[in-house]
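User: Could you walk me through this structure in small steps? I am new to this, so please explain the terms as we go.

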Protein chains: 2
Amino acid sequence: MSAETEIAERLISEIVSGRYNVHERLPSENEIAGKYKVPRITARKAYEKLEELGYVYRQQGKGSYVKDRLTQIELVLSGGVSFSQKMLEKGYDFESRNIFSREIKYNKRIYDCLETGEKDRVFKIGRLRFIDGQPIALHISYIAKSVFPDIAAEGANLTSMFSYYNSKGYHEFLSKPSLLSVSFPTKLQRKLLGCTYLVPLLALQSGCIDKRTGAVLECTKILYRCDRFSYIMP
Amino acid sequence: MSAETEIAERLISEIVSGRYNVHERLPSENEIAGKYKVPRITARKAYEKLEELGYVYRQQGKGSYVKDRLTQIELVLSGGVSFSQKMLEKGYDFESRNIFSREIKYNKRIYDCLETGEKDRVFKIGRLRFIDGQPIALHISYIAKSVFPDIAAEGANLTSMFSYYNSKGYHEFLSKPSLLSVSFPTKLQRKLLGCTYLVPLLALQSGCIDKRTGAVLECTKILYRCDRFSYIMP
DNA sequence: CCATGGTAACTTGTTGCCAAGTTGGCCGCT
DNA sequence: AGCGGCCAACTTGGCAACAAGTTACCATGG
(Lines give C-alpha, C1' and ligand atoms only; values in the text may rest on other atoms or scores of the structure.)
Protein backbone atom coordinates (compact mmCIF):
# COMPACT_ATOMS: atom_id res chain seq x y z
CA MET A 1 0.00 0.00 0.00
CA SER A 2 1.23 3.40 -0.94
CA ALA A 3 2.62 5.89 1.52
CA GLU A 4 0.25 8.60 0.34
CA THR A 5 -2.76 6.45 1.08
CA GLU A 6 -1.51 5.70 4.57
CA ILE A 7 -0.86 9.36 5.26
CA ALA A 8 -4.22 10.35 3.82
CA GLU A 9 -5.94 7.86 6.08
CA ARG A 10 -4.05 9.14 9.09
CA LEU A 11 -5.20 12.65 8.29
CA ILE A 12 -8.77 11.52 7.64
CA SER A 13 -8.81 9.78 10.98
CA GLU A 14 -7.61 12.95 12.69
CA ILE A 15 -10.19 15.09 10.90
CA VAL A 16 -13.04 12.69 11.66
CA SER A 17 -12.03 12.36 15.31
CA GLY A 18 -12.27 16.11 15.73
CA ARG A 19 -8.58 16.89 16.05
CA TYR A 20 -9.11 19.81 13.68
CA ASN A 21 -12.04 22.17 13.58
CA VAL A 22 -13.90 22.97 10.42
CA HIS A 23 -11.91 25.51 8.37
CA GLU A 24 -8.88 24.95 10.55
CA ARG A 25 -5.59 24.89 8.74
CA LEU A 26 -3.83 21.56 8.38
CA PRO A 27 -0.05 21.01 8.35
CA SER A 28 1.65 22.11 5.14
CA GLU A 29 2.99 19.68 2.56
CA ASN A 30 6.51 20.33 3.81
CA GLU A 31 5.49 19.70 7.40
CA ILE A 32 3.83 16.41 6.48
CA ALA A 33 6.85 15.43 4.39
CA GLY A 34 9.11 16.11 7.36
CA LYS A 35 6.86 14.36 9.86
CA TYR A 36 6.47 11.17 7.88
CA LYS A 37 9.92 11.28 6.24
CA VAL A 38 8.61 11.18 2.69
CA PRO A 39 9.25 13.38 -0.33
CA ARG A 40 7.00 16.36 -0.63
CA ILE A 41 5.27 14.91 -3.69
CA THR A 42 4.02 12.07 -1.50
CA ALA A 43 2.58 14.55 0.97
CA ARG A 44 0.99 16.39 -1.92
CA LYS A 45 -0.58 13.21 -3.22
CA ALA A 46 -1.99 12.51 0.22
CA TYR A 47 -3.57 15.94 0.30
CA GLU A 48 -4.87 15.51 -3.23
CA LYS A 49 -6.66 12.38 -2.09
CA LEU A 50 -8.19 14.25 0.81
CA GLU A 51 -9.35 16.94 -1.55
CA GLU A 52 -10.84 14.46 -3.99
CA LEU A 53 -12.65 12.72 -1.17
CA GLY A 54 -14.05 16.01 0.00
CA TYR A 55 -12.35 16.35 3.37
CA VAL A 56 -10.25 19.43 2.62
CA TYR A 57 -9.99 22.41 0.37
CA ARG A 58 -6.67 23.82 -0.71
CA GLN A 59 -5.49 27.21 -1.82
CA GLN A 60 -2.19 28.03 -3.41
CA GLY A 61 -0.02 30.13 -1.11
CA LYS A 62 -2.28 29.60 1.88
CA GLY A 63 -2.52 25.94 2.74
CA SER A 64 -5.00 23.14 3.27
CA TYR A 65 -8.14 23.51 5.37
CA VAL A 66 -10.72 21.18 6.81
CA LYS A 67 -13.89 21.28 4.82
CA ASP A 68 -17.29 21.55 6.46
CA ARG A 69 -18.70 18.03 6.31
CA LEU A 70 -22.35 18.22 7.06
CA THR A 71 -24.07 15.69 9.21
CA GLN A 72 -25.85 12.74 7.70
CA ILE A 73 -29.55 12.51 7.23
CA GLU A 74 -31.32 9.30 8.07
CA LEU A 75 -33.68 8.42 5.27
CA VAL A 76 -36.32 5.73 5.42
CA LEU A 77 -36.27 3.91 2.13
CA SER A 78 -39.96 3.41 1.66
CA GLY A 79 -41.68 4.35 -1.52
CA GLY A 80 -45.22 5.65 -1.73
CA VAL A 81 -44.35 8.60 0.51
CA SER A 82 -43.32 12.14 -0.36
CA PHE A 83 -39.63 12.86 -0.01
CA SER A 84 -40.43 16.52 0.42
CA GLN A 85 -42.80 15.69 3.25
CA LYS A 86 -40.22 13.49 4.95
CA MET A 87 -37.60 16.21 4.94
CA LEU A 88 -39.98 18.86 6.21
CA GLU A 89 -41.20 16.58 8.98
CA LYS A 90 -37.63 16.03 10.10
CA GLY A 91 -37.34 19.77 10.47
CA TYR A 92 -34.70 20.35 7.82
CA ASP A 93 -34.35 23.60 5.94
CA PHE A 94 -35.56 21.89 2.81
CA GLU A 95 -36.10 23.17 -0.68
CA SER A 96 -37.07 21.46 -3.89
CA ARG A 97 -36.35 22.98 -7.28
CA ASN A 98 -37.68 21.85 -10.62
CA ILE A 99 -34.73 21.78 -12.99
CA PHE A 100 -36.27 20.38 -16.15
CA SER A 101 -39.36 18.96 -17.73
CA ARG A 102 -39.20 17.56 -21.20
CA GLU A 103 -40.69 14.89 -23.36
CA ILE A 104 -38.58 11.84 -24.05
CA LYS A 105 -38.36 9.50 -26.99
CA TYR A 106 -39.74 6.00 -26.73
CA ASN A 107 -37.69 3.92 -24.31
CA LYS A 108 -38.75 0.35 -23.81
CA ARG A 109 -37.61 0.02 -20.21
CA ILE A 110 -39.38 3.19 -19.09
CA TYR A 111 -42.51 2.56 -21.14
CA ASP A 112 -42.69 -0.98 -19.75
CA CYS A 113 -42.25 0.36 -16.23
CA LEU A 114 -45.08 2.82 -16.84
CA GLU A 115 -47.10 -0.04 -18.37
CA THR A 116 -47.98 2.17 -21.27
CA GLY A 117 -47.93 1.77 -25.04
CA GLU A 118 -45.49 3.05 -27.57
CA LYS A 119 -47.88 5.76 -28.78
CA ASP A 120 -48.16 7.39 -25.37
CA ARG A 121 -46.14 10.52 -24.59
CA VAL A 122 -43.80 10.41 -21.59
CA PHE A 123 -42.30 13.36 -19.79
CA LYS A 124 -39.12 13.40 -17.76
CA ILE A 125 -39.25 15.76 -14.82
CA GLY A 126 -36.22 16.52 -12.65
CA ARG A 127 -36.14 18.06 -9.17
CA LEU A 128 -33.06 18.95 -7.28
CA ARG A 129 -33.37 18.67 -3.50
CA PHE A 130 -31.60 21.06 -1.18
CA ILE A 131 -31.00 21.04 2.53
CA ASP A 132 -29.46 24.11 4.08
CA GLY A 133 -28.97 25.39 0.57
CA GLN A 134 -26.83 22.38 -0.45
CA PRO A 135 -27.98 19.96 -3.14
CA ILE A 136 -28.34 16.48 -1.72
CA ALA A 137 -30.46 14.47 -4.12
CA LEU A 138 -31.67 14.44 -7.68
CA HIS A 139 -35.15 13.07 -8.33
CA ILE A 140 -36.22 12.16 -11.83
CA SER A 141 -39.79 11.11 -12.59
CA TYR A 142 -41.16 9.70 -15.80
CA ILE A 143 -44.83 10.56 -16.24
CA ALA A 144 -47.22 9.32 -18.92
CA LYS A 145 -49.50 11.85 -20.52
CA SER A 146 -52.21 9.24 -20.79
CA VAL A 147 -52.44 9.27 -16.96
CA PHE A 148 -51.77 12.97 -16.45
CA PRO A 149 -53.11 14.79 -19.53
CA ASP A 150 -51.84 18.19 -18.36
CA ILE A 151 -48.28 17.11 -17.67
CA ALA A 152 -46.84 18.86 -20.71
CA ALA A 153 -48.03 22.24 -19.49
CA GLU A 154 -47.63 21.66 -15.77
CA GLY A 155 -44.45 19.61 -15.57
CA ALA A 156 -42.04 22.52 -15.46
CA ASN A 157 -43.64 23.89 -12.32
CA LEU A 158 -43.67 20.76 -10.24
CA THR A 159 -41.46 20.53 -7.18
CA SER A 160 -43.25 17.71 -5.38
CA MET A 161 -44.83 14.88 -7.31
CA PHE A 162 -46.91 13.74 -4.36
CA SER A 163 -48.49 17.13 -4.01
CA TYR A 164 -49.31 16.91 -7.70
CA TYR A 165 -50.85 13.45 -7.31
CA ASN A 166 -52.95 14.68 -4.39
CA SER A 167 -54.20 17.56 -6.50
CA LYS A 168 -55.24 15.04 -9.14
CA GLY A 169 -57.15 12.92 -6.67
CA TYR A 170 -54.53 10.28 -5.81
CA HIS A 171 -54.00 9.88 -2.09
CA GLU A 172 -52.72 6.40 -1.41
CA PHE A 173 -49.74 4.80 -3.03
CA LEU A 174 -47.79 1.60 -3.37
CA SER A 175 -44.23 1.23 -4.40
CA LYS A 176 -42.89 -1.03 -7.12
CA PRO A 177 -39.95 -3.25 -6.28
CA SER A 178 -36.84 -1.10 -6.35
CA LEU A 179 -33.48 -1.53 -7.93
CA LEU A 180 -30.65 0.01 -5.96
CA SER A 181 -27.09 0.55 -7.07
CA VAL A 182 -24.10 2.66 -6.21
CA SER A 183 -21.93 4.51 -8.70
CA PHE A 184 -19.71 7.51 -9.04
CA PRO A 185 -21.31 10.66 -10.45
CA THR A 186 -21.14 11.74 -14.06
CA LYS A 187 -20.00 15.19 -14.97
CA LEU A 188 -23.56 16.51 -15.09
CA GLN A 189 -24.46 14.84 -11.80
CA ARG A 190 -21.43 16.39 -10.16
CA LYS A 191 -22.46 19.76 -11.43
CA LEU A 192 -26.03 19.37 -10.23
CA LEU A 193 -25.17 17.84 -6.87
CA GLY A 194 -22.14 20.00 -6.21
CA CYS A 195 -19.85 17.13 -5.33
CA THR A 196 -16.50 15.73 -6.35
CA TYR A 197 -16.16 12.78 -8.66
CA LEU A 198 -15.54 10.51 -5.69
CA VAL A 199 -18.81 11.00 -3.85
CA PRO A 200 -20.73 7.77 -4.40
CA LEU A 201 -24.35 8.16 -5.44
CA LEU A 202 -27.02 5.74 -4.40
CA ALA A 203 -29.36 5.26 -7.33
CA LEU A 204 -32.84 4.03 -6.54
CA GLN A 205 -35.04 3.05 -9.45
CA SER A 206 -38.62 2.37 -8.59
CA GLY A 207 -42.18 3.15 -9.44
CA CYS A 208 -45.28 4.55 -7.76
CA ILE A 209 -48.69 2.94 -8.10
CA ASP A 210 -52.09 4.31 -7.17
CA LYS A 211 -53.39 2.02 -4.47
CA ARG A 212 -57.03 2.36 -5.47
CA THR A 213 -56.84 1.74 -9.20
CA GLY A 214 -53.46 0.04 -9.62
CA ALA A 215 -52.44 2.63 -12.22
CA VAL A 216 -48.73 3.34 -12.52
CA LEU A 217 -48.35 7.02 -11.68
CA GLU A 218 -44.64 7.38 -12.30
CA CYS A 219 -41.36 5.64 -12.71
CA THR A 220 -38.57 7.22 -10.82
CA LYS A 221 -34.85 7.33 -10.58
CA ILE A 222 -33.47 9.02 -7.51
CA LEU A 223 -29.83 9.80 -6.92
CA TYR A 224 -28.84 10.39 -3.34
CA ARG A 225 -25.44 11.60 -2.25
CA CYS A 226 -24.09 8.80 -0.11
CA ASP A 227 -22.07 11.23 1.98
CA ARG A 228 -25.25 12.96 3.08
CA PHE A 229 -27.54 10.02 3.83
CA SER A 230 -27.73 6.80 5.69
CA TYR A 231 -30.74 4.72 4.95
CA ILE A 232 -33.24 2.70 6.94
CA MET A 233 -35.06 -0.18 5.32
CA PRO A 234 -38.23 -0.90 7.20
CA MET B 1 -12.88 20.72 -13.60
CA SER B 2 -9.41 19.38 -14.02
CA ALA B 3 -7.99 18.10 -17.26
CA GLU B 4 -6.97 14.82 -15.68
CA THR B 5 -10.52 14.11 -14.56
CA GLU B 6 -11.84 14.80 -18.05
CA ILE B 7 -9.23 12.55 -19.61
CA ALA B 8 -9.88 9.83 -17.04
CA GLU B 9 -13.58 9.96 -17.81
CA ARG B 10 -12.93 9.75 -21.52
CA LEU B 11 -10.82 6.67 -20.96
CA ILE B 12 -13.39 5.14 -18.61
CA SER B 13 -16.06 5.69 -21.19
CA GLU B 14 -13.94 3.94 -23.79
CA ILE B 15 -13.19 1.04 -21.50
CA VAL B 16 -16.82 0.60 -20.46
CA SER B 17 -18.06 0.82 -24.03
CA GLY B 18 -15.80 -2.07 -25.01
CA ARG B 19 -13.28 -0.13 -27.07
CA TYR B 20 -10.54 -2.08 -25.31
CA ASN B 21 -10.57 -5.74 -24.38
CA VAL B 22 -9.70 -6.97 -20.93
CA HIS B 23 -5.91 -6.98 -20.48
CA GLU B 24 -5.49 -4.92 -23.64
CA ARG B 25 -2.82 -2.27 -23.49
CA LEU B 26 -3.93 1.33 -23.32
CA PRO B 27 -2.11 4.30 -24.84
CA SER B 28 1.05 5.32 -22.99
CA GLU B 29 1.28 8.46 -20.87
CA ASN B 30 3.21 10.16 -23.66
CA GLU B 31 0.61 9.21 -26.24
CA ILE B 32 -2.19 10.57 -24.06
CA ALA B 33 -0.20 13.71 -23.39
CA GLY B 34 0.29 14.21 -27.12
CA LYS B 35 -3.31 13.42 -28.01
CA TYR B 36 -4.88 15.77 -25.49
CA LYS B 37 -2.08 18.37 -25.61
CA VAL B 38 -1.35 18.23 -21.91
CA PRO B 39 1.86 17.70 -19.94
CA ARG B 40 2.70 14.12 -19.21
CA ILE B 41 2.03 14.59 -15.49
CA THR B 42 -1.61 15.31 -16.36
CA ALA B 43 -1.83 12.09 -18.35
CA ARG B 44 -0.26 10.30 -15.43
CA LYS B 45 -2.79 11.71 -13.00
CA ALA B 46 -5.57 10.54 -15.27
CA TYR B 47 -4.14 7.04 -15.28
CA GLU B 48 -3.64 7.15 -11.53
CA LYS B 49 -7.33 7.88 -11.16
CA LEU B 50 -8.20 4.96 -13.37
CA GLU B 51 -5.96 2.73 -11.29
CA GLU B 52 -7.46 3.91 -8.03
CA LEU B 53 -10.96 3.33 -9.35
CA GLY B 54 -10.00 -0.15 -10.37
CA TYR B 55 -10.25 0.15 -14.16
CA VAL B 56 -6.59 -0.45 -15.03
CA TYR B 57 -3.41 -1.92 -13.74
CA ARG B 58 -0.02 -0.42 -14.54
CA GLN B 59 3.46 -1.79 -14.74
CA GLN B 60 6.65 0.22 -14.99
CA GLY B 61 8.33 -0.21 -18.35
CA LYS B 62 5.34 -1.97 -19.88
CA GLY B 63 2.28 0.26 -19.81
CA SER B 64 -1.30 0.43 -18.63
CA TYR B 65 -3.77 -2.39 -19.13
CA VAL B 66 -7.51 -2.81 -18.82
CA LYS B 67 -8.40 -4.68 -15.68
CA ASP B 68 -10.90 -7.49 -15.65
CA ARG B 69 -14.07 -5.97 -14.21
CA LEU B 70 -16.39 -8.75 -13.32
CA THR B 71 -20.08 -8.52 -13.95
CA GLN B 72 -22.45 -7.38 -11.26
CA ILE B 73 -24.57 -9.66 -9.17
CA GLU B 74 -28.16 -8.77 -8.51
CA LEU B 75 -28.89 -9.23 -4.84
CA VAL B 76 -32.33 -9.18 -3.28
CA LEU B 77 -32.05 -7.23 -0.06
CA SER B 78 -34.35 -9.31 2.06
CA GLY B 79 -33.27 -10.56 5.42
CA GLY B 80 -34.38 -13.83 6.92
CA VAL B 81 -32.86 -15.73 4.00
CA SER B 82 -29.49 -17.37 3.65
CA PHE B 83 -26.97 -15.43 1.57
CA SER B 84 -25.17 -18.65 0.82
CA GLN B 85 -28.36 -20.18 -0.43
CA LYS B 86 -29.10 -17.19 -2.64
CA MET B 87 -25.72 -17.35 -4.29
CA LEU B 88 -25.87 -21.08 -4.86
CA GLU B 89 -29.37 -20.82 -6.31
CA LYS B 90 -28.14 -18.23 -8.77
CA GLY B 91 -25.59 -20.75 -9.94
CA TYR B 92 -22.48 -18.86 -8.90
CA ASP B 93 -19.24 -20.55 -8.01
CA PHE B 94 -19.72 -19.60 -4.40
CA GLU B 95 -17.60 -20.21 -1.35
CA SER B 96 -17.91 -19.05 2.23
CA ARG B 97 -14.96 -18.98 4.58
CA ASN B 98 -15.05 -18.45 8.29
CA ILE B 99 -12.31 -15.95 9.09
CA PHE B 100 -12.77 -15.40 12.79
CA SER B 101 -14.84 -16.23 15.83
CA ARG B 102 -14.16 -14.44 19.06
CA GLU B 103 -15.91 -13.17 22.13
CA ILE B 104 -16.44 -9.44 22.38
CA LYS B 105 -16.59 -7.08 25.30
CA TYR B 106 -19.89 -5.60 26.33
CA ASN B 107 -21.17 -3.20 23.69
CA LYS B 108 -24.46 -1.47 24.42
CA ARG B 109 -25.60 -1.15 20.84
CA ILE B 110 -24.98 -4.81 20.03
CA TYR B 111 -26.32 -6.13 23.30
CA ASP B 112 -29.44 -4.00 22.88
CA CYS B 113 -29.84 -5.31 19.32
CA LEU B 114 -29.54 -8.85 20.65
CA GLU B 115 -31.98 -7.93 23.42
CA THR B 116 -29.70 -9.52 25.95
CA GLY B 117 -28.27 -8.53 29.30
CA GLU B 118 -24.87 -7.27 30.19
CA LYS B 119 -23.89 -10.58 31.78
CA ASP B 120 -24.46 -12.58 28.61
CA ARG B 121 -21.50 -13.55 26.45
CA VAL B 122 -21.54 -12.46 22.81
CA PHE B 123 -19.44 -13.86 19.99
CA LYS B 124 -18.46 -12.11 16.81
CA ILE B 125 -18.24 -14.42 13.82
CA GLY B 126 -16.92 -13.32 10.45
CA ARG B 127 -17.36 -14.99 7.08
CA LEU B 128 -15.78 -13.89 3.90
CA ARG B 129 -17.82 -14.64 0.75
CA PHE B 130 -16.19 -15.56 -2.51
CA ILE B 131 -17.52 -15.83 -6.03
CA ASP B 132 -15.21 -17.26 -8.64
CA GLY B 133 -12.47 -17.16 -6.06
CA GLN B 134 -12.84 -13.38 -5.53
CA PRO B 135 -13.97 -11.94 -2.20
CA ILE B 136 -17.19 -9.98 -2.63
CA ALA B 137 -18.72 -9.54 0.80
CA LEU B 138 -17.89 -9.68 4.48
CA HIS B 139 -20.55 -10.96 6.85
CA ILE B 140 -20.26 -10.38 10.57
CA SER B 141 -22.70 -11.92 13.00
CA TYR B 142 -23.05 -11.26 16.69
CA ILE B 143 -24.40 -14.28 18.54
CA ALA B 144 -25.45 -14.53 22.19
CA LYS B 145 -24.34 -17.57 24.14
CA SER B 146 -27.62 -17.51 26.04
CA VAL B 147 -29.39 -18.39 22.79
CA PHE B 148 -26.72 -20.68 21.36
CA PRO B 149 -24.90 -22.31 24.30
CA ASP B 150 -22.38 -24.07 22.07
CA ILE B 151 -21.33 -21.02 20.07
CA ALA B 152 -17.95 -20.69 21.76
CA ALA B 153 -16.89 -24.13 20.59
CA GLU B 154 -18.72 -24.15 17.26
CA GLY B 155 -18.31 -20.58 16.08
CA ALA B 156 -14.97 -21.02 14.36
CA ASN B 157 -16.37 -23.68 12.04
CA LEU B 158 -19.45 -21.85 10.83
CA THR B 159 -19.66 -20.76 7.22
CA SER B 160 -23.43 -20.34 6.98
CA MET B 161 -25.42 -19.05 9.90
CA PHE B 162 -28.72 -20.22 8.47
CA SER B 163 -27.48 -23.77 8.21
CA TYR B 164 -26.49 -23.46 11.84
CA TYR B 165 -29.90 -22.14 12.85
CA ASN B 166 -31.57 -24.97 10.96
CA SER B 167 -29.42 -27.46 12.82
CA LYS B 168 -30.58 -25.90 16.08
CA GLY B 169 -34.24 -26.18 15.15
CA TYR B 170 -34.87 -22.70 13.75
CA HIS B 171 -36.48 -22.75 10.32
CA GLU B 172 -38.41 -19.55 9.79
CA PHE B 173 -37.02 -16.08 10.22
CA LEU B 174 -37.93 -12.42 10.27
CA SER B 175 -35.63 -9.55 9.68
CA LYS B 176 -35.20 -6.52 11.88
CA PRO B 177 -35.38 -3.09 10.27
CA SER B 178 -32.07 -2.47 8.55
CA LEU B 179 -29.70 0.43 8.52
CA LEU B 180 -27.89 0.88 5.26
CA SER B 181 -24.96 3.15 4.55
CA VAL B 182 -22.15 3.53 2.08
CA SER B 183 -18.52 4.17 2.94
CA PHE B 184 -15.04 3.65 1.67
CA PRO B 185 -13.21 0.60 3.01
CA THR B 186 -10.76 0.64 5.87
CA LYS B 187 -7.34 -0.87 5.49
CA LEU B 188 -8.45 -4.20 6.94
CA GLN B 189 -11.56 -4.25 4.78
CA ARG B 190 -9.47 -3.59 1.70
CA LYS B 191 -7.22 -6.44 2.62
CA LEU B 192 -10.09 -8.83 3.23
CA LEU B 193 -12.12 -7.81 0.21
CA GLY B 194 -9.18 -7.38 -2.13
CA CYS B 195 -10.21 -3.96 -3.36
CA THR B 196 -8.78 -0.47 -3.69
CA TYR B 197 -9.54 2.28 -1.27
CA LEU B 198 -12.06 3.76 -3.68
CA VAL B 199 -14.44 0.82 -3.93
CA PRO B 200 -17.51 1.90 -1.98
CA LEU B 201 -18.88 -0.65 0.47
CA LEU B 202 -22.55 -0.97 1.19
CA ALA B 203 -22.94 -1.68 4.89
CA LEU B 204 -26.15 -3.33 5.96
CA GLN B 205 -26.82 -3.59 9.67
CA SER B 206 -29.76 -5.73 10.64
CA GLY B 207 -30.91 -8.55 12.81
CA CYS B 208 -32.52 -11.95 12.44
CA ILE B 209 -35.45 -13.07 14.54
CA ASP B 210 -36.90 -16.54 14.99
CA LYS B 211 -40.43 -16.31 13.62
CA ARG B 212 -41.89 -18.84 16.04
CA THR B 213 -40.53 -17.57 19.35
CA GLY B 214 -39.54 -13.99 18.54
CA ALA B 215 -36.03 -14.62 19.87
CA VAL B 216 -33.24 -12.56 18.37
CA LEU B 217 -30.88 -15.03 16.75
CA GLU B 218 -28.19 -12.65 15.59
CA CYS B 219 -27.29 -9.12 14.84
CA THR B 220 -25.42 -8.69 11.63
CA LYS B 221 -23.28 -6.27 9.77
CA ILE B 222 -22.69 -7.10 6.15
CA LEU B 223 -20.29 -5.28 3.88
CA TYR B 224 -20.91 -5.72 0.18
CA ARG B 225 -18.59 -4.44 -2.51
CA CYS B 226 -20.66 -1.94 -4.45
CA ASP B 227 -18.76 -2.67 -7.63
CA ARG B 228 -19.91 -6.27 -7.53
CA PHE B 229 -23.58 -5.91 -6.60
CA SER B 230 -26.73 -4.13 -7.54
CA TYR B 231 -29.56 -4.55 -5.15
CA ILE B 232 -33.26 -5.21 -5.39
CA MET B 233 -35.57 -4.09 -2.61
CA PRO B 234 -38.74 -6.10 -2.71
C1' DC C 1 21.48 -21.34 -38.34
C1' DC C 2 20.66 -20.67 -33.55
C1' DA C 3 21.54 -18.81 -29.07
C1' DT C 4 23.12 -15.16 -26.21
C1' DG C 5 24.30 -10.58 -24.92
C1' DG C 6 24.12 -5.67 -25.61
C1' DT C 7 21.71 -1.54 -26.62
C1' DA C 8 18.39 1.83 -28.30
C1' DA C 9 13.86 3.14 -27.79
C1' DC C 10 10.30 2.83 -25.43
C1' DT C 11 7.51 2.40 -20.82
C1' DT C 12 6.24 4.01 -15.92
C1' DG C 13 8.32 6.02 -11.49
C1' DT C 14 10.81 9.80 -8.84
C1' DT C 15 12.78 14.17 -7.76
C1' DG C 16 14.55 18.76 -7.72
C1' DC C 17 13.60 23.11 -9.06
C1' DC C 18 10.94 26.83 -10.84
C1' DA C 19 6.24 29.31 -10.92
C1' DA C 20 2.48 31.49 -8.79
C1' DG C 21 0.10 33.07 -4.69
C1' DT C 22 -0.13 34.68 0.30
C1' DT C 23 1.18 37.11 4.40
C1' DG C 24 3.53 39.24 8.14
C1' DG C 25 7.14 42.19 9.32
C1' DC C 26 9.99 46.00 8.42
C1' DC C 27 11.05 50.42 6.57
C1' DG C 28 10.10 54.90 4.78
C1' DC C 29 7.11 58.74 4.33
C1' DT C 30 3.66 61.96 6.00
C1' DA D 1 2.06 57.51 15.39
C1' DG D 2 -0.17 55.68 11.46
C1' DC D 3 -0.33 54.08 6.83
C1' DG D 4 1.35 52.12 2.64
C1' DG D 5 4.61 49.62 0.02
C1' DC D 6 8.10 46.22 -0.45
C1' DC D 7 10.16 41.88 0.35
C1' DA D 8 11.49 37.56 2.52
C1' DA D 9 9.62 33.40 3.87
C1' DC D 10 6.34 30.73 3.52
C1' DT D 11 2.33 28.21 0.92
C1' DT D 12 0.48 25.23 -3.07
C1' DG D 13 0.95 24.37 -8.21
C1' DG D 14 3.61 22.81 -12.36
C1' DC D 15 7.18 20.62 -15.07
C1' DA D 16 11.60 19.05 -17.06
C1' DA D 17 15.01 15.89 -16.31
C1' DC D 18 16.71 11.84 -14.36
C1' DA D 19 15.86 6.88 -12.64
C1' DA D 20 14.28 2.34 -13.13
C1' DG D 21 12.10 -1.30 -15.87
C1' DT D 22 10.89 -3.65 -20.39
C1' DT D 23 11.48 -5.35 -24.99
C1' DA D 24 12.67 -5.88 -29.70
C1' DC D 25 16.33 -5.84 -32.73
C1' DC D 26 20.99 -6.42 -34.07
C1' DA D 27 25.60 -8.20 -33.74
C1' DT D 28 28.64 -11.77 -32.45
C1' DG D 29 30.11 -16.31 -31.30
C1' DG D 30 29.60 -21.24 -31.41
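## Where the parts meet

User: How many residue pairs does the rule find in polar contact across the interface of chain B and chain A?
Analyst: A polar contact is a pair of N or O atoms within 3.5 Å; within protein, one must be able to donate a hydrogen and the other to accept it, and residues adjacent in sequence count only if both atoms are side-chain atoms. Keep in mind that this is a predicted model, in which local features need pLDDT of at least 70, side-chain atom pairs count only at pLDDT 80 or more, and totals for chains, interfaces and linings use all residues, while side-chain values use heavy atoms and leave out hydrogens and water. Residues are numbered from 1 along each chain as its sequence is written, with chains lettered from A and ligands numbered from 1 in the order in which they are written. With both residues at pLDDT 80 or more, the number of pairs across this interface is eight.

User: Which elements give two or more residues to the side of chain B that touches chain A?
Analyst: Helices (H or I, at least four residues) and strands (E, at least two) are DSSP runs, numbered from the N terminus. In chain B, the elements that qualify are helix H1 (3–16), helix H3 (40–53), strand E8 (178–183), helix H8 (187–193), strand E9 (201–210) and strand E11 (229–233).

User: How many residues on that side of chain B are nonpolar?
Analyst: Ala, Val, Leu, Ile, Met, Phe, Trp, Tyr, Cys and Pro count as nonpolar, Asp, Glu, Lys and Arg as charged, and the others, Gly among them, as polar. On the side of chain B that touches chain A, four residues are polar and nine are charged. The nonpolar residues number 19.

User: About what area do chain B and chain A bury between them?
Analyst: Contact means heavy atoms within 4.5 Å, and 32 residues of chain B are in contact with 32 residues of chain A. Buried area is the accessible area (1.4 Å probe) that two parts lose on being put together, summed over both. Carbon and sulfur atoms hold 64% of it, and the total is about 2700 Å².

User: Which three residues supply 22% of the area that chain B buries against chain A?
Analyst: No other three residues supply more of the area that chain B buries here. The trio is B:Leu180, B:Tyr197 and B:Met233.

User: How many salt bridges cross this interface of chain B and chain A?
Analyst: Side chains of opposite charge can pair when their charged atoms come close. The rule asks for a side-chain nitrogen of Lys or Arg within 4 Å of a carboxyl oxygen of Asp or Glu. A:Lys49 and B:Glu52 form a salt bridge, with their closest N and O atoms 2.8 Å apart. Across the interface of chain B and chain A, the count is six.

User: Which residue of E11(B) is the bridge partner of A:Leu179?
Analyst: Two strands pair if DSSP finds at least two bridges between them. Strand E8 (residues 178–183) of chain A pairs with E11(B) in the antiparallel sense, over three bridges. For A:Leu179, the partner in E11(B) is B:Ile232.

User: What distance separates the side chain of A:Gln60 from a base nitrogen of DNA strand C?
Analyst: A residue is near a strand if one of its heavy atoms lies within 4 Å of it. Around DNA strand C there are 19 residues, and A:Gln60 is one of those that come nearest. From an N or O atom in its side chain to the base nitrogen, the distance is 2.6 Å.

User: Which side chain has an N or O atom 2.9 Å from a phosphate oxygen of DNA strand D?
Analyst: DNA strand D is surrounded by 17 residues. Sugar and phosphate make up 61% of its atoms that come within 4 Å of the protein. The side chain you are after belongs to A:Ser28.

User: How many residues apart in sequence are the parts that A:Glu29 and A:Arg44 tie together?
Analyst: These two residues form a salt bridge, with closest N and O atoms 3.6 Å apart. A:Glu29 lies in helix H2 of chain A and A:Arg44 in helix H3 of chain A, so the pair links parts whose separation in sequence is 15 residues.
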